[in-house]
Amino acid sequence: MKLLLVTDAWKPQVNGVVRSYLNTIPELEKMGMEVQVIHPELFKLRFSLPSYNEIKIVLTRQKTLKYMIKSANADHIHIATEGPLGYLARNICLKDDITFTTSFHTRFPEYIQKRTKIPASFFYFFIRKFHNKAKKVLVPTPSMQEELIKRKFKNTEIWSRGVNHEKFSKFNKLNLGKGPIFSYIGRVATEKNVEAFLKIKLDGTKVVVGDGPQLNSLKKKYPDVNYVGYQHGQDLVDYYASSDVMVFPSLTDTFGNVITEANATGTPVAAFNVIGPKDIIVNGINGYIGDDLKSNIINCINLDRTKCQEYTKKFNWKECSRVFYDNIVA
């Protein structure tokens, strides 16, 4: 059985979309599924998305992509993103009467609203139109599914996310400064609401692990924060594990892979009570959620790190990939 994955997000991009498929594909292959990926790096004509330099926008003819899709001779087609490649693939599938599935990963309408003040509902019209022709629309959490159903999305199914427990259970503690250590790990951009964390007065050390268009302005405004840039592999695991609390201030994420990754090292997570965190965090067990971010952070400090790790074992890529497989082949 062969699956063709069409995605505008792929290596070397660092984000939850890429991470989700890089962890899912090996599990699908263990189930006997051959996976081929059409991604931006296969095309010569591409440019960076403004304020998202790591994301490449592809310019290609529909004829070219149609040939690639036909050559793949796949049993199933899954379109991961709503970018140029995703839209072209969708149009080809509809024109040639090819069944396909999609995934909803990113709340781009809210991201655009943050930057332009144009209501998110305007953009949801186009996003809904993109997905509603799919056989199945895979969404990461029950609360995200509920929100999309309210917005008239059809055929939604939950496809959760996992974490590599073996990888995140082996770490070295770093000396990051005076404790407690409060960290933000992720993209440094306005839609991530990082400043909501940085402006809180806390005794201890704040660390920002990541990069993005808002980094320089935040460095100037909050010079006492330790900014360490993107970290990868074992270094990233060590930063998770060396934090007393990881703070996830985003109001617009659909899941939050960094939450389960932090928990897998034993680090509790403080977040707002919004889509994503409220599907993952149980107050007093692996973190705290609520409207008062400072209180959530302080409440996390003395949580049992072993309980964090134990609770997060329910999120694993084998089970998540089985759900993905079942929805693709159904």
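**Exercises: a sheet, two cores and a pocket**

In this predicted model, six strands form an open sheet in the order 11-10-9-12-13-14, with parallel pairing.

**Exercise 1.** Work out which strands stand at the edges of this sheet, and find the bridge partner of Ala-271 in strand 14.

*Solution.* Start with the ends of the sheet. Strand 11 (226–227) and strand 14 (287–289) each have a single partner strand, so each is left with one side lacking a neighbour in the sheet. Next, look at how strand 14 is held: strand 13 (residues 269–271) pairs with strand 14 in the parallel sense, over three bridges. Now pick out Ala-271, whose bridge partner is Ile-289. Ala-271 also turns up in a core, as the next exercise shows.

**Exercise 2.** Find which residues touch the most other members of the largest nonpolar core, and which helix gives the largest share.

*Solution.* This core has 29 residues, and Ile-38, Leu-65, Ile-69 and Phe-104 touch the most other members. Several elements supply at least two residues each, among them strand 1 (2–6), helix 2 (62–72) and helix 3 (84–95). Helix 3 gives the largest share, five residues. Zoom in on Leu-65: leaving out residues up to four places away in sequence, Leu-65 touches Ile-38, Phe-43, Leu-85, Leu-88, Ala-89 and Ile-92. There's also a second, separate core of 25 residues, including Ala-271, Tyr-240, Phe-255 and Tyr-311.

**Exercise 3.** Describe the lining of the second largest pocket by class.

*Solution.* The pocket's volume is about 220 Å³. Of its 14 lining residues, Leu-198, Ile-200, Lys-206, Asp-224 and Val-225 lie nearest the centre. Sorted by class, the lining has seven nonpolar, five charged and two polar residues.

Methods. Residues numbered from 1 in each chain as written. Predicted model: local features only at pLDDT ≥ 70, side-chain atom pairs only at ≥ 80, totals over all residues. Heavy atoms only, no water. 1 Å grid on protein atoms, 1.4 Å probe; cavity = no way out; pocket = protein on both sides within 12 Å on 5 of 7 lines; lining within 4 Å. Points joined across faces, edges and corners; volume = space filled by probe spheres on them. Nonpolar A, V, L, I, M, F, W, Y, C, P; charged D, E, K, R; others polar. Core = buried A, V, L, I, M, F, W, Y, C linked by side-chain atoms within 4.5 Å. Buried < 20%, exposed > 50% of the residue type's maximum accessible area, 1.4 Å probe, protein only. Helix = DSSP H or I, 4+ residues; strand = E, 2+ residues; numbered from the N terminus. Contact = heavy atoms within 4.5 Å. Pairing = 2+ DSSP bridges.
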